[in-house]
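The exercises below are to be worked with the sequence and the coordinates open. Each task is followed by a solution in steps.

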Amino acid sequence: MTTINGSAIKTLVVACDAGMGSSVMLAGQLRRQLKKNGVTVVHAAVAEIPVEADVIVTHQGLADRVRGVAPDTVIVSIQLFIGDPAVARLVSAIQTGSDVGE
Amino acid sequence: MSDYTPQVTGTGLKASVQRVGGYLAGMVMPNIGAFIAWGLITALFIPTGWIPNEHFGELVGPMIKFLLPLLIGYTGGRMVHGQRGAVVGAVATVGVVVGAEQPMFLAAMVIGPLAAYLLKLFDGLLEDRIKPGFEMLIDNFSAGILGAGMAVLGAWVIGPVFRVVTDAAGDAVSWLVTHNLLPASSVLVEPAKVLFLNNAINHGVLGPLGAAEAADTGSSILFMIESNPGPGLGLLLAFMFFGPRALRPSIPAAATIQFLGGIHEIYFPYVLMKPRLILAAILGGAAGVATFMVTGVGLVATPAPGSIFAWMAVTPKGDWFGVILGIVISAAVSFAASSVLLGFGRGEKRAEQEEAEATTAVPAPRGTVPAESRKART
């Protein structure tokens, strides 16, 4: 079971199929929310997730593929692109330094 | 296991199909700007365009027959073996495009990655065996010799084979059109779309076929099948009026992103949490395609992202009415069907109770979003 402490997250990757659409949008939202926390938020296609990713946010429908690309990284799978509770929990874990698990 | 665990849905089949589709789409999507440039030049300067111009019209042929397949072969090669792969992929693609009447996208999607893969094998074989100082010599000539060989093979065997395949695919599409069967494609396209195969279908399959048709006739209906923003808009609007109450506040933003921004992924989750709504998406999609078919309209290039603005930009002269009508009808049909499937919100109270029970049983929220997330949205 992979977990990471919120304060250890330096690079957060938002992944989507093409790395051009929904991931860019969600990354933009997260970047604004995490501006003061020293977290680099990037977006990527599933096949091109950078190795320095500490945590990967992706839609549940793509989580299987992300798991194949990044077997040892914490994956936060979401259902909604707007207002998903899993994203809210991740943001608060980073801000308060609590653990993010799978 | 908490609710961060990705739910494994079925076997790995979906992931495999997504992956293959992702490769196809990955060769096309980075080059969409070039497709749009070609589409705009076509719409403006061909004899039936806005400002016919013989000299500028000469850009059309070389762009579709050479530039676009070469970009696809180049990108496909790069995905397999970096810059070296990209170079041999592009060289090999020249082999299949030379002498072909039709744009050879399909062949480029095969020969580009194939050439890069062969070079990757060769590079792997020689790794650590090259005498110091000979690396550049061997790197350059291995790529050169392999690229030349693949280009010859492309012109000789692969190109002719794919000319037959491309013609067959084009014939199959025109058969569907002449037999009025194209709207039925929504039965496959809409469900596949919400399983995140949207890019694979649109840019991996329909886009290249559409570009081949548009090179012939100036526009294609195939660009409109997956990318129509109408069905998703209708579905989201139905959710706004009749969907789960907790979700309703997020819908206006989602609809803006979907219809104006063209990011269709935003509505997939709403279908996935109420799967019967896929019926509404299918009906809406089919109604749209039927309208486009009856009015005889097409688009000059792939509208990507599938935003209303992108659609308007690639609508050829004289097709505005049919295009807008199709979008409106598909949104209306999808809205009506979604509203019926959502029971006009009547079942909402009962469903909320059921969902509340389901939520306590399964940690992942199905259909309801706790208040914390709505706060977090701002």
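A residue is buried if 20 or more other C-beta atoms lie within 10 Å of its own, exposed if 12 or fewer, and partly exposed in between, with C-beta atoms placed from the backbone. A nonpolar core is a set of buried Ala, Val, Leu, Ile, Met, Phe, Trp, Tyr and Cys residues joined through C-beta atoms within 7 Å.

The model is predicted: local features need pLDDT of at least 70 and side-chain atom pairs count only at pLDDT 80 or more, while totals for chains, interfaces and linings use all residues. Residues are numbered from 1 along each chain as its sequence is written, and chains are lettered from A and ligands numbered from 1 in the order in which they are written.

**Exercise 1.** Find which residues of the largest nonpolar core touch the most other members.

Step 1. The core has 148 residues, and those with the most neighbours in it are A:Ala15, A:Ile56, A:Val57, B:Val88, B:Ile111, B:Leu235 and B:Leu236.

Step 2. Helix α4 (residues 60-97) of chain B gives the largest share, 18 residues; helices (H or I, at least four residues) and strands (E, at least two) are DSSP runs, numbered from the N terminus.

Step 3. Domain 1 (59-179) and domain 2 (183-378) of chain B each contribute at least three residues to this core; the domain bounds come from an automatic or database domain assignment.

Step 4. Take A:Ile56 and skip its neighbours within four places in sequence: its contacts (C-beta atoms, placed from the backbone, within 7 Å) are A:Val13, A:Ala15, A:Ile49, A:Val66, A:Ala70, A:Thr73 and A:Ile75.

**Exercise 2.** Describe the fold of chain A and test its radius of gyration against the globule rule.

Step 1. Chain A holds three helices and six strands, in the order β-β-α-β-β-α-β-α-β.

Step 2. The radius of gyration, taken over C-alpha atoms, is compared with 2.2 Å times the number of residues to the power 0.38. The rule gives 13 Å for 102 residues and chain A has 12 Å, so chain A is as compact as a globular protein of that length.

Step 3. Of its residues, 56% count as buried. Among the contacts in chain A with a separation of 6 or more, 58% join residues 24 or more positions apart.

**Exercise 3.** Does the length of helix α1 (residues 13-28) of chain B agree or disagree with its expected span?

Step 1. The expected span is 1.5 Å times one less than the number of residues.

Step 2. For the 16 residues of this helix that is 22 Å, and the end C-alpha atoms are 23 Å apart, which agrees.

Step 3. Its buried residues include B:Ala15, B:Gln18 and B:Leu24. The buried residues of α1(B) pack against elements of both chains, among them β3 (40-45) of chain A and α7 (186-217) of chain B.

**Exercise 4.** Locate the unusual backbone angles in chain B.

Step 1. Most residues other than glycine have a negative phi, and most peptide bonds are trans.

Step 2. The bond from B:Ala304 to B:Pro305 is cis, with omega near -5°, and B:Pro305 sits in the loop between α12 (278-295) and α13 (308-313) of chain B.

Step 3. B:Asp128, not a glycine, has a positive phi of about 70°. B:Asp128 lies in the loop between α5 and α6 of chain B and is exposed, with 4 other C-beta atoms within 10 Å.

Step 4. B:Asn180 has a positive phi near 55°. B:Asn180 lies between α6 and α7 of chain B, in a loop, and is exposed, with 11 other C-beta atoms within 10 Å.

How values were computed: Two residues are in contact if their C-beta atoms, placed from the backbone, lie within 7 Å.
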